[in-house]
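Colleague: I am new to this structure and would like a close look at the side-chain pairings, above all the salt bridges, with enough of the surroundings to place them. Could you take me through them slowly?

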Amino acid sequence: MSKWIRWSGLIAFLLLTALIATFYILFADSLIKNAIEKKGTEINGATVDVAEVDISLFPLGISLSGLQITDPDEPMTNIVDAAEVALHLDFYQLLNRKLIISDVIMERVQTGTPRVISGKIDKRPVKESSESSPSAGSQKTNEPASNPTKMGLPDVNKIVSQEQLQTIDQIDALSADIQAAEIRWKSDLENLPNSEELKKYKDIISDLKKVDYKDLKNAKKKLKELAKTTNQLKNDFTEIRKMSDDFSVTYDSFKSRQELLRRAPQEDLTRLKAKYGSPGLMTEEFSKQILGPSLSAKIDKAITGYRRIDKLLSSRNRTKGDDSKIDRSKGVDIRFEEVDPMPDLLIQMVSISAFTSIGTLAGQITDISDDQVIYQHPIRFTFNGDKLDQASELNVVGKIDRTQPDISSDSIHVKIEDYLIIGLTLSESSDMPISIETGKADIDISCVLEDGRLQSEIRIDFGSVQFSDQGLDNSNELNRTVHTVLKNTPSFQIRVTVTGTLDNPKTSVDSDLDELLKAATTKVLEDKSKSWEKDLESALAIQVGTPLSEIDDQINGVDAIKKDLEDRLKSAEKLKSYF
């Protein structure tokens, strides 16, 4: 029997097994814990902590307790805080140097929990400028053009002296046309007989008609002169008539333009009032001016979070046809064609139970891989909850698609119904702070990012709203009016659209509050506006008064030409019987 068993070999095997078991019992959990914390911190850019690790062999899996992932931008806050994390690994794929995790279960997950010790690391990579300020290009878009809480109106004298007035433009044009016409008319009149010269035609013709036919030679001469004089009279009459007709057309045009000029100052006044003094203009972009900055800050934070995820995926994916140079001294791993290719890292399903301020949510994330081009499955995620503490229902659906080389197609849709609002700040403006004490809201967020082009819409329907008076400046009449309107507006809607790119997002904000506030503040500013309008009207009258008087004088000068031409035409018409 002893010959069948090599006791030395058996003893050596048992000792080796005992050593491996002892190593596993004493050190495996600690090594895995340290590896997770080190690699996680490297990837996250801030500390990743694990309280405890437990490894199971049958089936192969790892359980984590007290997983905390620090928010890189707020090192005293955890972006993820999970009480329990359990995952199962594919042992066969591990032999192929592939980390395939069939499922991950995360229990009692929280976000935004405070840390005892800062999670900041000393050698955190410096962000690119586009990442450090994701909406640098959108700052001008979101910056208020003016402060809607200010009641000051511009100086009327400065306005009328600097503005290009339509009245002055029309006066200058009419004056130039009258001057040109006067020169032409006076020149034409110099070439035509006046009334006295026309009257002489009668005496000349009467004398020429006295013909003594006994003296045929003299009679013939007189008849010839009579025909010549008659033709000249006829030509003069024709020219006078033609000039009279042309004059009437041009003169009537001048008189019409003169009449229009009397209405031009009022048109200028209306335009200037709308441009500089309409109180409604101070609040017609209320949503953009008051709500825009705070919404823009939240959008910037969301873009920053997305960039972190995108950076992780981009750094892992190696697109087809990558011809980047490789250090020959380091070599390169060559991937041979596989029958059923799999990425080096794959998490097939993550099930999450999360505690949030809204309530407990259940979620799933599927097909998390380090190379979607190989795996050909995008990351998909869903979160939902009903009968929550602060909402009746919440649904989140989205995907992150990198299955095509160098092409991204990401989307998310969030819908929250009956969200309970408690102490929500809409505006932190020192001029006009606005916050909601209590209320409800239906929130619908839809965002698509295709090849770097952003198309997002956020729609919030507020209901049963009660606004707060905290921070209200009672000495500011406009502020009091705005808050009065808000107090009597239990429901309203805000719509936000975001387009452009991640580096240059363009944000647009509008709300049905705009029209309500515009109407209310118009009444508040009515008295001040009326006084300002009277001052503007007086200043405008002074500015255009002298030029208008000069135009009247020019028209009077044209009236003198008109009378002269009418007298000549009457004199000529009396002689029609002579030709």
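Modeller: What follows starts with the whole protein, turns to the salt bridges, and then visits the aromatic pairs and a few other places.

Please keep in mind throughout that this is a predicted model. The protein has 13 helices and 14 strands, and of its 579 residues 37% are buried. Its accessible surface amounts to about 34,800 Å², with 54% of that belonging to carbon and sulfur atoms. If one takes the contacts between residues at least 6 apart in sequence, 66% of them join residues at least 24 apart.

Within this framework the structure holds 19 salt bridges. One of them pairs arginine 108 with glutamate 84, whose closest N and O atoms are 3.9 Å apart. This pair links distant parts of the chain, since arginine 108 belongs to strand 4 (residues 99-110) and glutamate 84 to strand 3 (residues 74-89), 24 residues apart. Arginine 108 has a relative accessible area of 42% and is therefore partly exposed, and glutamate 84, at 32% relative accessibility, also counts as partly exposed.

Other salt bridges are formed inside a helix. An α-helix has 3.6 residues a turn, so residues three or four places apart point the same way. In helix 8 (residues 216-277), glutamate 259 and arginine 262 are three residues apart, which means that about one helical turn separates them. Their side chains meet in a salt bridge, with 4.0 Å from N to O. Glutamate 259 has a relative accessible area of 44%, so this residue is partly exposed.

In helix 13 (residues 526-573) there is a pair with a spacing of four residues, arginine 568 and aspartate 564, and these too are separated by about one helical turn. The N to O distance in the salt bridge between their side chains is 3.1 Å. The two partners fall into separate accessibility classes: arginine 568 counts as buried because its relative accessibility is 7%, whereas aspartate 564, at 29%, counts as partly exposed. Elsewhere, salt bridges with shared partners join Glu163, Asp268, Arg271 and Lys275 into one network.

The aromatic side chains make pairings of their own, and the structure holds five such pairs. In one of them, the rings of phenylalanine 467 and phenylalanine 492 have centres 5.8 Å apart and planes at 25°, and because planes under 30 degrees apart count as stacked, this pair is a stacked one. Here again distant parts of the chain are linked, for phenylalanine 467 is in strand 12 (residues 453-467) and phenylalanine 492 is in strand 13 (residues 492-500), 25 residues apart. Phenylalanine 467 counts as buried, its relative accessibility being 3%, and phenylalanine 492 likewise counts as buried at 3%.

Ring pairs also link Trp185, Phe247, Tyr251 and Phe254 into a cluster. Trp185 is one of the buried residues of helix 6, and among the others are Ile171, Leu174, Ile178 and Leu189. Helix 6 (residues 166-190) has 25 residues, which at 1.5 Å a residue should span 36 Å, and the distance between its end C-alpha atoms is 36 Å, in agreement with that expectation.

Two further places help to complete the picture, one of them buried and the other on the surface. Threonine 366 lies in strand 7 (residues 360-369) and has a relative accessible area of 17%, so this residue is buried. Leaving aside residues up to four places away in sequence, threonine 366 touches Ile347, Gln348, Met349, Pro378, Ile379 and Arg380.

On the surface, Phe91, Tyr92, Leu94, Leu95 and Leu99 form a nonpolar patch with about 530 Å² of accessible area together. Helix 2 (residues 91-95) supplies the largest share of this patch, with four residues. Leucine 95, which lies in helix 2, has a relative accessible area of 58% and is therefore exposed.

Key: Residues numbered from 1 in each chain as written. Predicted model: local features only at pLDDT ≥ 70, side-chain atom pairs only at ≥ 80, totals over all residues. Heavy atoms only, no water. Phe/Tyr/Trp six-rings, centres within 6.5 Å; stacked < 30°, edge-to-face > 60°. Helix = DSSP H or I, 4+ residues; strand = E, 2+ residues; numbered from the N terminus. Buried < 20%, exposed > 50% of the residue type's maximum accessible area, 1.4 Å probe, protein only. Expected span 1.5 Å × (residues − 1). Contact = heavy atoms within 4.5 Å. Patch = residues over 30% accessible without salt bridge, like charges linked within 9 Å, V, L, I, M, F, W, Y side chains within 5 Å. Areas by Shrake-Rupley, 256 points an atom, 1.4 Å probe, with all protein chains shown as cover.
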